[in-house]
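Student: Could you take one part of this model and go through it closely, with the cut-offs behind each term spelled out? I would like a single connected account rather than a list.

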Amino acid sequence: MAQSEVKNLSKDLPETERSWIDSIPEIFGERWKKAGYRAGRRKGMKEGRQEGLKEGLKEGRQEGRQEGRQEGLEEKTRDFTLKIMQKFPDWSNAEVAAFVGVAEDYVQQLRQNRPTN
């Protein structure tokens, strides 16, 4: 019941009862407002956690796919560079690097770390 309706109904009552009845909406309204606020906050936090979890999973999957593609590309580049070095063993690091499209330091590092046959 709205506060205006309570006041309208209580206007025929004696002053002592009227002031007590007039305060009912204020007393209970504040309690109900606080209870509603707490319930709404809990619900909002729950929904926020669920939404955050979904968004986090989505971002995690995207990052994982990107990292996987990057690792795959790095592995292919490494394998291709090693094959070129094996096919053309007399090529310098600079020549292999220019042909493959990698840094000369990268070729040098692969030469130092590759197993001998």
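Tutor: Tyr-106 is placed in helix α4, where helices (H or I, at least four residues) and strands (E, at least two) are DSSP runs numbered from the N terminus. The model is a predicted one, in which local features need pLDDT of at least 70 and side-chain atom pairs count only at pLDDT 80 or more, while totals for chains, interfaces and linings use all residues. Residues are numbered from 1 along each chain as its sequence is written, and side-chain values use heavy atoms, with hydrogens and water left out.

Tyr-106 counts as partly exposed because its relative accessibility is 26%; buried means under 20% relative accessible area, exposed over 50%, and partly exposed in between, with a 1.4 Å probe and protein chains only. Setting aside neighbours within four places in sequence, Tyr-106 is in contact (heavy atoms within 4.5 Å) with Glu-74, Thr-77, Arg-78 and Thr-81. Of these partners, Thr-81 lies 25 residues from Tyr-106 in sequence, and their C-alpha atoms are 9.3 Å apart in space.

Helix α4, which spans residues 104-113, also packs with α3 at an angle of about 115°, the axes being 8 Å apart; the axes are lines fitted to C-alpha atoms over the stretch in contact, and angles run from 0 to 180 degrees between N-to-C directions. On the α3 side the contact is made by Asn-93, Ala-94, Val-96 and Ala-97, and on the α4 side by Glu-104, Val-107, Gln-108 and Arg-111. By class, four of the residues in this contact are nonpolar, two polar and two charged.

In α3 itself, residues 93-100, the buried residues are Asn-93, Val-96, Ala-97 and Val-100. Seen down the axis of α3, these buried residues fall within an arc of 100°, so they line one face of the helix; the arc is taken from the directions from the helix axis to the C-beta atoms. After α3 comes Gly-101, with a positive phi near 90°.

For the wider setting, the chain has four helices and zero strands, and buried residues make up 12% of its 117 residues. Among the contacts in the chain with a separation of 6 or more, 28% are between residues 24 or more positions apart.

Notes: Ala, Val, Leu, Ile, Met, Phe, Trp, Tyr, Cys and Pro count as nonpolar, Asp, Glu, Lys and Arg as charged, and the others, Gly among them, as polar.
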